[in-house]
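Me: I'd like to go through this structure and ask how each label is earned. Can we take it one piece at a time?

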Amino acid sequence: MRVIKITAGRGNGNVTRLGLVDVDGVAIDLIALGATRVEVSICGNECAALDVDFIASIISVPFGLLNVRAGEYTPKIVYFSPAIPEGSVLAGPSFETEIRLKMVC
């Protein structure tokens with residue numbers, strides 16, 4: 001499992017760029033997959049989501065703009081395409097890539 005640790009300031013628009021790779025370390029090209037939208041979401045005691053920018057295998061996420069309280073979270077990254085309108089998870093809890101987000105004030 002690949003774990004990515006990120007600290008973000010709540011309400012801060014700083015962008016974190018993440019390179020997405022599969023289990024073999026090969027870049028996941030969202031354009032080639034036909035992605036039309038990528039979403040980062042957090043669900044648990046609180047829920048929040050935002051659409052993020054992407055180019056090929058790089059997504060740009062302003063984690064601090066997720067509307068959640070200070071604390072620790074494991075966000076999910078999902079891409080949507082005409083072929084997969086319900087979305088496909090790229091990273092999240094119990095997936096090959098897991099993001100551990102620490103939101104601070």
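Reply: Sure, and keep in mind that this is a predicted model. Let's start with a pair of residues: Leu18 stands opposite Ile59 in S5.

Me: What makes S2 and strand S5 a pair?

Reply: Strands pair if there are at least two bridges between them. S2 and S5 (residues 58-61) have four bridges, in the antiparallel sense, so they meet the cut-off of at least two.

Me: Where do S2 and S5 sit in their sheet?

Reply: They belong to an open sheet of six strands, in the order S2-S5-S4-S3-S7-S8, with antiparallel pairing.

Me: Why are S2 and S8 called edge strands?

Reply: Look at their partners: strand S2 (16-19) and strand S8 (88-91) each pair on one side only. From one strand to the next, the twist in this sheet averages 35°.

Me: Which strands make up the three-strand sheet?

Reply: That open sheet runs S1-S9-S6, and its pairing is mixed. Strand S1 (2-9) and strand S6 (71-73) are at its edges; each has a single partner strand, so one side of each has no neighbour in the sheet. Here the twist averages 20° from one strand to the next.

Me: How do you know that S6 and strand S9 pair?

Reply: Count the bridges again: S6 and S9 (residues 97-104) share three, in the antiparallel sense. The rule asks for at least two, so they count as paired. Within this pair, Gly71 stands opposite Met103 in S9.

Me: What makes Arg37 a charge over the ring of Phe80?

Reply: For Arg, CZ has to be within 6 Å of the ring centre and within 35 degrees of the ring normal. Arg37 lies over the face of Phe80, at 4.0 Å from the ring centre.

Me: How many aromatic pairs does the structure hold?

Reply: Zero. To count as a pair, two ring centres would have to lie within 6.5 Å.

Me: Why is the empty spot called a cavity?

Reply: Because a 1.4 Å probe fits there but cannot get out. One cavity of 30 Å³ or more is counted, and the largest cavity has a volume of about 30 Å³.

Me: Which residues line the largest cavity?

Reply: Arg2, Leu20, Val21, Ile28, Leu90, Ala91 and Thr97.

Me: What makes up that lining by class?

Reply: It has five nonpolar residues, one polar and one charged. Arg counts as charged, while Leu, Val, Ile and Ala count as nonpolar.

Methods:
Residues are numbered from 1 along each chain as its sequence is written. This is a predicted model: local features need pLDDT of at least 70, side-chain atom pairs count only at pLDDT 80 or more; totals for chains, interfaces and linings use all residues. Side-chain values use heavy atoms; hydrogens and water are left out. On a 1 Å grid over the protein atoms alone, a cavity is a set of points where a 1.4 Å probe fits but cannot get out, and a pocket is an open set with protein on both sides within 12 Å along at least five of seven lines; lining residues have an atom within 4 Å of a point. Grid points are joined across faces, edges and corners, and a volume is the space filled by probe spheres set on the points. Helices (H or I, at least four residues) and strands (E, at least two) are DSSP runs, numbered from the N terminus. Axes are lines fitted to C-alpha atoms, for helices over the stretch in contact, and angles run from 0 to 180 degrees between N-to-C directions. Rings of Phe, Tyr and Trp (its six-membered ring) pair if their centres lie within 6.5 Å; planes under 30 degrees apart count as stacked, over 60 as edge-to-face and the rest as tilted.
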